[in-house]
Amino acid sequence: TLIRYDTPEGQQPVALSGGFFEITEVVGVESINNAVLAVCRDYKDPVKTVRVPYAFPAAMQYVSGGLLTEKKIPTAYPMLSLADKLKNPGDTFGSPPTMVLTDLINFGSEVQQHVAFYATMTFFTENGGALPKPNCAEDSAKVVEIAKRLVADGSIELDSFELDEKLVTRFATHAGVELQPM
């Protein structure tokens with residue numbers, strides 16, 4: 001059904017294209033009142049009109065009125081639990097990709113960063129909530145050992161994975177740094 005709308009005086013006119021809108025205060029077609037409907041717009045439609053998936057009953061005649069109010073409808077996205085993603089982070093090059101590509105210069109470093117983060121957080125929990133001290137080689141070495149342990153004992157499921165100790169060391173060296181605002 002094609003619905004014509006007008007913008008109240010003083011408000012910026014906005015082209016309604018997609019989304020959900022609640023229709024209220026319609027006289028004549030009371031069955032559409034308080035309905036939240038998805039609206040869309042075809043490029044061939046007249047200006048200031050939207051399409052709604054609603055069939056008006058033949059016995060009802062539109063008389064006057066009506067308000068369109070935009071409604072934000074949440075969208076559910078299927079996601080794995082944090083425990084599952086920590087154990088199996090996924091693949092940036094899989095089909096479909098299950099890990100976000102974050103570094104366009106060093107392809108594949110996302111899994112290394114995941115292991116470094118997981119090892120640093122394990123260090124955090126094992127040391128009473130303390131991150132590795134900045135520029136402390138001893139703490140960085142402990143994080144590298146934790147990363148090796150996590151990969152070796154299967155806490156992180158990775159196929160044919162070689163740990164980049166240099167990256168994990170850099171990650172741990174700067175994990176506890178406090179950044180100052182500019």
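What follows is a chat about the salt bridges in a predicted model.

Q: Before we get into contacts, what's the mean pLDDT of the protein chain?
A: The mean is 87, and 98% of the residues reach 70 or more. Keep in mind that this is a predicted model.

Q: And which elements have the lowest and highest mean pLDDT?
A: Strand E1, residues 2-4, has the lowest at 82. Helix H3, residues 137-152, has the highest at 96.

Q: OK, salt bridges. How many does the structure hold?
A: There are 10 of them.

Q: Let's take Asp 6. Which side chain does Asp 6 meet in a salt bridge?
A: That's Lys 48, with 3.1 Å from N to O.

Q: Where do those two sit?
A: Both are in loops. Asp 6 lies in the one between E1 and strand E2 (20-27), while Lys 48 lies in the one between strand E3 (35-38) and strand E4 (49-51). The pair therefore ties together parts that are 42 residues apart in sequence.

Q: Is Asp 6 buried or exposed?
A: Asp 6 is exposed, because its relative accessible area is 53% and the cut-off for exposed is over 50%.

Q: What about Lys 48?
A: Lys 48 counts as partly exposed, at 33% relative accessibility.

Q: Switching to helix H3. What does Lys 148 pair with there?
A: Lys 148 forms a salt bridge with Glu 145, and the closest N and O atoms are 3.8 Å apart. Both residues lie in helix H3, three residues apart, which is about one turn of the helix.

Q: How accessible is Glu 145?
A: Glu 145 has 47% relative accessibility, so it counts as partly exposed. Lys 148 is partly exposed too, with a relative accessible area of 33%.

Q: Which other side chain meets Lys 148 in a salt bridge?
A: Glu 165 does, at 3.1 Å from N to O. This pair links distant parts of the chain: Glu 165 is in helix H4 (residues 165-175) and Lys 148 in helix H3, 17 residues apart.

Q: And Glu 165, how accessible is that one?
A: Glu 165 has a relative accessible area of 38%, so it is partly exposed.

Q: So which residues are linked in that network?
A: Glu 145, Lys 148 and Glu 165 are linked in a network of salt bridges. Lys 148 pairs with Glu 145 and also with Glu 165.

Conventions:
Residues numbered from 1 in each chain as written. Predicted model: local features only at pLDDT ≥ 70, side-chain atom pairs only at ≥ 80, totals over all residues. Heavy atoms only, no water. pLDDT = per-residue confidence, 0-100. Helix = DSSP H or I, 4+ residues; strand = E, 2+ residues; numbered from the N terminus. Salt bridge = Lys/Arg side-chain N within 4 Å of Asp/Glu carboxyl O. Buried < 20%, exposed > 50% of the residue type's maximum accessible area, 1.4 Å probe, protein only.
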